[in-house]
Amino acid sequence: MFALMQSTRLESLHLSVDPVTGLKAVIAIHNSRLGPALGGCRYLAYPSDESAIEDAVRLAQGMSYKAALAGLAQGGGVAVIIRPAHVENRAAVFEAFGRWINQLDGRYITAIDAGTSVADMDCIAQHTQFVTSTTAAGDPAPHAAMGVFAGIRSTAMARLGSDNLEGLRIAVQGLGNVGYALAEQLHAAGAELLVSDIDHGKVQLAMEQLGAHPIANEALLSTPCDILAPCGLGGVLNRTSVTQLRCSAVAGSANNQLTHLEVADQLERRGILYAPDYVINAGGLIYVSLKHRGEELTTITAHLSKISSRLTEVFAHAQAEKRSPARVADELAEKVLYR
Ligand code: NAD
């Protein structure tokens with residue numbers, strides 16, 4: 001674990017268990033140079049405790065890079081609560097988590113992420129002020145989706161020469177809080193939607209409401225399309241799956257889409273333009289960060305609208321230097337974090 005901490009330059013790792021509620025949680029604080037660490041809280045089942053810790057560490061690093069490139073005075077941190085097979089009292093788990101966060105005295109501020117809801121954030125908020133995306137603060141997912149939508153247009157412009165999405169075939173993997181909101185915007189812009197989700201009810205809804213074409217989960221990545229939008233969990237782009245892609249670009253909301261940075265080089269060699277995940281999906285972080293600081297929606301929307309130009313800038317550097325946009329984005333973020 002120390003090797004992973006060293007290689008990712010992680011600042012600190014915190015673990016907690018609460019025998020009364022069954023809470024088993026990890027908080028990874030990656031870098032707090034720009035401000036207190038802020039990032040989502042996952043509530044998922046993991047194959048092992050080590051895999052949960054690794055997920056938290058890698059996601060926390062992504063959050064630092066995201067905040068740095070989004071121009072936010074925020075560090076990167078992430079929490080993972082390991083979901084047990086059975087939970088007696090979910091609210092009690094999140095309340096215990098809130099008490100624990102409070103002990104960190106503001107070094108980490110939590111938010112909604114995969115597997116958590118505004119109701120969970122409300123439970124946390126009973127015990128600490130270091131929480132965002134409560135019922136009162138609002139769900140960041142629609143803002144994340146708005147940023148990804150703008151980023152997909154920039155990606156289409158860079159790769160296909162036009163930001164008009166009408167008639168483009170866009171494959172959305174995962175129709176959760178962000179994926180479904182994104183699919184709605186893509187549909188409104190005239191895109192043809194190909195969708196998959198392990199929850200068939202969500203696919204059915206997208207078929208009925210958005211005229212989406214259902215694709216089997218295992219077939220989505222190899223389905224011919226213009227743009228692939230991974231909006232489920234991370235790690236979908238690995239050395240094998242990348243060889244199967246039949247798209248011109250990848251641009252979606254999922255965090256940590258690449259298993260390794262070398263996979264981005266593979267995409268580049270295949271002529272597939274990759275929109276770095278933490279650049280295109282920064283809308284959620286921008287929303288929770290600025291909302292927590294008491295900013296108005298107009299200020300938040302103005303900040304959010306910079307995502308597409310930042311992405312265009314990354315693409316331009318990458319094209320000029322004949323490198324993957326993922327490497328360019330990492331270098332730009334590291335300049336901010338470690339200069
Ligand atoms: P969510 O849990 O609401 O949705 C994820 C969806 O993906 C679910 O419907 C799930 O069934 C589906 N899914 C999971 N694995 C799949 C697979 N292999 N194939 C098809 N479908 C699959 O989560 P969310 O809040 O929509 O977030 C989605 C992704 O975007 C996550 O990686 C998250 O970290 C990232 N993200 C979220 C936000 C936000 O504000 N919620 C912001 C930025 C990034």
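This is a short walk through a predicted model, from its two domains to the ligand and then to the salt bridges.

Let's begin with how the chain is divided. Domain 1 is built from two stretches, residues 2-65 and 74-125, while domain 2 covers residues 141-338. If you mark the centre of each domain using the C-alpha atoms, the two centres are 24 Å apart. The domains do touch: 20 residues of domain 1 make contact with 15 residues of domain 2.

How much area do domain 1 and domain 2 bury between them? The value is about 1600 Å², and 60% of it falls on carbon and sulfur atoms. Looking at the domain 1 side, the residues that lose the most area to domain 2 are Arg-9, Tyr-65 and Gln-74, which together account for 33% of what that side buries.

What holds for charges and polar groups here? Between domain 1 and domain 2 there are 0 salt bridges, but 5 residue pairs are in polar contact, with both partners at pLDDT 80 or more. To find the domain 1 side of this interface in your viewer, look at strand S2 (23-31), strand S3 (37-44), helix H2 (49-70) and strand S5 (108-112), each of which gives two or more residues to it. Helix H2 supplies the largest share, with 6 residues. Sorted by class, the domain 1 side that touches domain 2 holds 9 nonpolar, 6 polar and 5 charged residues.

Now turn to the ligand. There are 24 residues around it, and the ones that come nearest are Val-178, Asp-197, Lys-202, Gly-232 and Asn-255. Gly-232 also reaches the ligand through its backbone, where an N or O atom lies 2.8 Å from a ligand oxygen atom. Two side chains offer polar atoms to ligand oxygen as well: the one from Arg-42 lies 3.0 Å away, and the one from Asp-113 lies 3.2 Å away.

Finally, come back to the salt bridges. How many does a search of the whole structure find? The total is 12. One that is worth picking out on screen joins Asp-120 and Arg-90, whose closest N and O atoms are 2.6 Å apart. Asp-120 sits in helix H4 (residues 118-125) and Arg-90 in helix H3 (residues 90-103), so this pair links parts of the chain that are 30 residues apart in sequence.

Terms used:
Residues numbered from 1 in each chain as written. Predicted model: local features only at pLDDT ≥ 70, side-chain atom pairs only at ≥ 80, totals over all residues. Heavy atoms only, no water. Domains from an automatic or database assignment. Contact = heavy atoms within 4.5 Å. Buried area = accessible area lost by both parts, 1.4 Å probe. Salt bridge = Lys/Arg side-chain N within 4 Å of Asp/Glu carboxyl O. Polar contact = N/O pair within 3.5 Å; in protein donor to acceptor, adjacent residues only side chain to side chain. Helix = DSSP H or I, 4+ residues; strand = E, 2+ residues; numbered from the N terminus. Nonpolar A, V, L, I, M, F, W, Y, C, P; charged D, E, K, R; others polar. Near = heavy atom within 4 Å.
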